[in-house]
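Welcome, and thanks for taking a look at this one with me. Please open the sequence and the structure side by side before reading on.

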Amino acid sequence: MKKLLILSIFLLNFSLGSMAQNSEGTQEFNKFMSKNLQYGSELRSERIEGPVTFVIQFDESGKLKQSPMLVAGNKMLEEEVTRTFDKLIAQGGPALVGPEYFGQEYLLTVQFKLAGTEKTGFYIPERSESAARVLERLNRKIAENPYFVNYYKERAAFYENMGNSILADLDKKQAELLESKQLTTILVVGYGSRSKSLSAE
């Protein structure tokens, strides 16, 4: 079962905190990411957020074979993650994953999220929004990143609410498949100044 690592990044001092439930095989990898991954002030001020997904490959000794390849997500957010991986590759050192990951290829998703976004990520019906518009929004999110597990879970919840069990089951199976290919999911939360309004999108 893949675990969630949460990185809290603050505007004033850029201190990093983490709350993680990691398997031993990815614990050191997650520690490295929590120490080095940042959410740039420009991205936060421009309110750029969302998931970015990479294909990541480990060699037979558990080290990165090359810089991970972006497969979906915002290019500006990609640069934040790529800088971290460049540092990982440059420093060398021992493997940061367990032997079960050696010689394997996985998906890695980093979700950048601004504090103050109150949505849970799952479908909550709103009187002011028609079902057609909700589905259009969910489909658009999946088109932007078809490798992000939560989007399929969100659409599955929508289909269940609408009584479409077959479509809900298909999205659940897709979510399960993606989870089986996922090394880990990292949530980076960016905090702005107190004077700045951080309204939900």
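The numbered points below go from the overall layout to the cores, the helix pairs and two loop residues.

1. Please keep in mind that this is a predicted model. The chain has 201 residues, and 42% of them are buried. Its secondary structure consists of six helices and six strands. Starting at the N terminus, the order of these elements is β-β-α-α-β-β-α-β-α-α-α-β.

2. How far apart in sequence are the residues that touch? Taking contacts between residues at least 6 apart in sequence, 72% of them join residues at least 24 apart.

3. A good place to begin exploring is the largest nonpolar core, which has 27 residues. The residues with the most contacts inside this core are Phe29, Ile56, Phe58, Val81, Phe85, Val110 and Phe112. At least two core residues come from each of helix H1 (27-36), strand E3 (50-57), helix H3 (75-91), strand E5 (105-114) and strand E6 (182-190). Which of these gives the most? That is E5, with five residues. A separate core of nine residues lies apart from this one, and its members include Leu107, Ile142, Tyr152 and Leu178.

4. Phe112 deserves a click of its own. Once neighbours within four places in sequence are set aside, its contacts are Gln38, Tyr39, Glu49, Gly50, Val52, Leu77, Glu80, Val81 and Val188. Val81 also appears beside Phe112 among the residues with the most contacts inside the largest core.

5. Now for helix packing. Two packed helices are described by the angle between their axes and the distance between the axes. For H1 and H3, the angle is about 120° and the axes are 10 Å apart, so the two helices are oblique to each other. Their crossing is right-handed. On the H1 side the contact involves Phe29, Phe32, Met33 and Asn36, and on the H3 side Thr84, Phe85, Lys87, Leu88 and Gln91. By type, the residues of this contact are five nonpolar, three polar and one charged. Two of the names here, Phe29 and Phe85, were listed for the largest core as well.

6. The second pair to inspect is helix H4 (residues 131-144) with helix H5 (residues 149-161), whose axes come within 9 Å and cross at roughly 160°. H4 is therefore roughly antiparallel to H5. This crossing is left-handed. H4 contributes Ala131, Val134, Leu135, Arg137, Leu138, Asn139, Lys141 and Ile142 to the contact, while H5 contributes Tyr151, Tyr152, Glu154, Arg155, Phe158 and Tyr159. These contact residues split into nine nonpolar, one polar and four charged. Ile142 and Tyr152 were also named in the core of nine residues.

7. Next, have a look at the backbone of Arg47, in the loop between helix H2 (41-45) and E3. What is its phi? The angle is near 60°, a positive value in a residue other than glycine. Arg47 has 28% relative accessibility and so counts as partly exposed.

8. Finally, visit Lys63, which sits in the loop between E3 and strand E4 (69-72). Lys63 is partly exposed because its relative accessible area is 36%. Lys63 and Pro94 are 31 residues apart in sequence, yet their C-alpha atoms are 7.5 Å apart in space. Leaving out neighbours within four places in sequence, Lys63 touches Gln57, Phe58 and Gly93. Phe58 is one of the residues with the most contacts inside the largest core.

Notes. Residues are numbered from 1 along each chain as its sequence is written. This is a predicted model: local features need pLDDT of at least 70, side-chain atom pairs count only at pLDDT 80 or more; totals for chains, interfaces and linings use all residues. Side-chain values use heavy atoms; hydrogens and water are left out. A nonpolar core is a set of buried Ala, Val, Leu, Ile, Met, Phe, Trp, Tyr and Cys residues joined through side-chain atoms within 4.5 Å. Buried means under 20% relative accessible area, exposed over 50%, partly exposed in between (1.4 Å probe, protein chains only). Helices (H or I, at least four residues) and strands (E, at least two) are DSSP runs, numbered from the N terminus. Contact means heavy atoms within 4.5 Å. Axes are lines fitted to C-alpha atoms, for helices over the stretch in contact, and angles run from 0 to 180 degrees between N-to-C directions. Angles under 35 degrees count as roughly parallel, over 145 as roughly antiparallel, 65 to 115 as roughly perpendicular and the rest as oblique. A crossing is left-handed if the near helix is turned anticlockwise from the far one by less than a right angle, and right-handed if clockwise. Ala, Val, Leu, Ile, Met, Phe, Trp, Tyr, Cys and Pro count as nonpolar, Asp, Glu, Lys and Arg as charged, and the others, Gly among them, as polar.
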